[in-house]
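Work through the exercises below with the sequence and the 3D view at hand. Try each task before reading its solution.

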Amino acid sequence: MSDVNRYCDGIAVRMEEIDIPAVFDEAAEKLCAFAEASGRSIRFYGLPQAVMGQADREMLIRAVSNLVSNAIKFSEGTVIRASLTHRDNRVYISVQDQGS
């Protein structure tokens with residue numbers, strides 16, 4: 001958490017208990033139109049069950065949006081994969097594209 005706190009110095013961080021897959025899905029939904037307009041398609045692979053965790057909801061949406069938006073902008077391929085996995089009591093976000 002110390003790395004996040006350093007990055008967020010001066011930014012109001014609102015930690016709360018959130019359903020991380022639900023927030024991931026919300027961010028994904030907002031990016032579909034942008035991907036289509038760019039000639040890309042996004043495949044989102046979320047989690048079928050709720051995984052509760054402490055996070056700043058808006059910052060998580062921003063992080064997912066930034067990762068996927070960069071893939072949309074810089075990918076040379078047409079398919080972008082964004083996935084959410086849960087193991088060892090952690091949640092991982094992965095974005096794959098065919099960028100240069």
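**Exercise 1: the sheet**

An open sheet is formed by 3 strands in the order β2-β4-β5, with mixed pairing. Strands (E, at least two residues) and helices (H or I, at least four) are DSSP runs numbered from the N terminus, and two strands pair if DSSP finds at least two bridges between them. The model is predicted: local features need pLDDT of at least 70, side-chain atom pairs count only at pLDDT 80 or more, and totals for chains, interfaces and linings use all residues. Residues are numbered from 1 along each chain as its sequence is written, and side-chain values use heavy atoms, with hydrogens and water left out.

Task: find which strands are the edge strands.

Solution. Step one: look for strands that pair on one side only; these are β2 (41-45) and β5 (90-96). Step two: compare directions; neighbouring strands of this sheet are turned by 10 degrees against each other on average, direction ignored. Axes here are lines fitted to C-alpha atoms, for helices over the stretch in contact, and angles run from 0 to 180 degrees between N-to-C directions.

**Exercise 2: β4, β5 and the helices**

Task: state how many bridges join β4 to β5, then find which helices pack on the sheet.

Solution. Step one: strand β4 (residues 79-87) runs antiparallel to β5, and 7 bridges join them. One of the partners to check is I93 in β5, the bridge partner of L84. Step two: helix α2 (residues 20-37) packs on the sheet and touches β2, β4 and β5, where contact means heavy atoms within 4.5 Å. The direction of α2 makes about 170 degrees with that of β2. Step three: helix α3 (residues 57-74) also packs on the sheet, touching β2, β4 and β5, and its direction makes about 20 degrees with that of β5.

**Exercise 3: the loop between β4 and β5**

Task: find what the phi values of D88 and N89 are, and whether each residue is buried or exposed.

Solution. Step one: D88 lies in the loop between β4 and β5, and so does N89. Step two: neither is a glycine, yet phi is positive, near 50 degrees in D88 and about 65 degrees in N89. Step three: buried means under 20% relative accessible area, exposed over 50%, and partly exposed in between (1.4 Å probe, protein chains only). D88 counts as exposed because its relative accessibility is 67%. N89, at a relative accessible area of 76%, is therefore exposed.
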